[in-house]
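Student: I'd like a close look at one part of this model, namely how a single element sits against its surroundings. Take me through it slowly, and spell out the cut-offs as you go.

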Amino acid sequence: MKTLKYTLLAVGVSLLAFNCSSDDDNNMTIDPVETDFSGTYMQADQMGRPAINTVFVSSVSKDDFNVAIPSEQGAAFQTMFQTNLEGLSPAYAMEGDTNALGLDAETFTNVLATDVLTVSLDGTTTFYDGTNVLTGRALADDVITVELLLIFGGEDFTENPGLSNDNVDANDKAFLTSFPYLASAW
């Protein structure tokens, strides 16, 4: 009798575990769906340059920044960007101080406040390669380290070395040599 109880219990647990599976893909039916383009659509987020929106836009201004037309962002948000930059890196608050690109706080934040990724159609495509700056973005560009260097690195990238590098120097997988170029998933 005891063996029968354990057998029934084992069968019950097995059935329960099988029925509680998270594999719902087998139960899906896919009906063709037509896309509905009626209605009003809005920009929900802007991230042309990674981390710029996250770092320089104050939380109370996120929604306004995210729906702003890029050509109007500089005039509307440059002052906030400059205030936040000078708070992060006090060296920018000193008259005449520049970053490695030769940009003072006002000029640099004018560039940053317009959150678009510029592209050079006839030159090198890179976020920064030591010579070319903001001429696009290659997948292997170390964007966050470049941004940290421009914010904290001073005129020759030597100021604040502990803040000027995220220490992630490469992608964890090789990029593909053909479209879509992104590395394969883990």
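Tutor: What follows starts with one helix and then moves on to other spots along the chain.

Quick ground rules: this is a predicted model, where local features need pLDDT of at least 70 and side-chain atom pairs count only at pLDDT 80 or more, while totals for chains, interfaces and linings use all residues. Residues are numbered from 1 along each chain as its sequence is written, and side-chain values use heavy atoms, with hydrogens and water left out.

Let's go with helix 5, residues 105-113 (helices are DSSP runs of H or I, at least four residues, numbered from the N terminus). Its buried residues are Ala105, Phe108, Thr109, Leu112 and Ala113 (buried is under 20% relative accessible area, exposed over 50%, partly exposed in between, with a 1.4 Å probe and protein chains only). These five sit on the same side of helix 5 because they span an arc of only 130° around the axis, taken from the directions from the helix axis to the C-beta atoms. An α-helix has 3.6 residues a turn, so residues three or four places apart point the same way.

And what do they pack against? Helix 2 (52-56), helix 3 (62-67), helix 4 (70-88) and helix 6 (143-152), with contact meaning heavy atoms within 4.5 Å.

Zoom in on helix 2 and you'll find Asn53, which counts as buried because its relative accessibility is 3%. Setting aside neighbours within four places in sequence, Asn53 touches Asp45, Gln46, Met47, Lys62, Phe65, Asn66 and Asp115. With Asn66 there's a side-chain polar contact of 2.7 Å (a pair of N or O atoms within 3.5 Å; within protein, one must be able to donate a hydrogen and the other to accept it, and residues adjacent in sequence count only if both atoms are side-chain atoms).

Past helix 5, check the backbone. Leu134, in the loop between helix 5 and helix 6, has phi near 50°, a positive value in a residue other than glycine. In the segment after helix 6, Asn160 turns up, with phi near 50° too, again positive for a non-glycine residue. Asn160 is partly exposed, given a relative accessible area of 36%.

Pro180 also lies in that segment after helix 6, and the peptide bond joining Phe179 to Pro180 is cis, with omega about 15°. Tyr181 belongs to the segment after helix 6 as well, and its 39% relative accessibility makes it partly exposed.

Note on methods
Helices (H or I, at least four residues) and strands (E, at least two) are DSSP runs, numbered from the N terminus.
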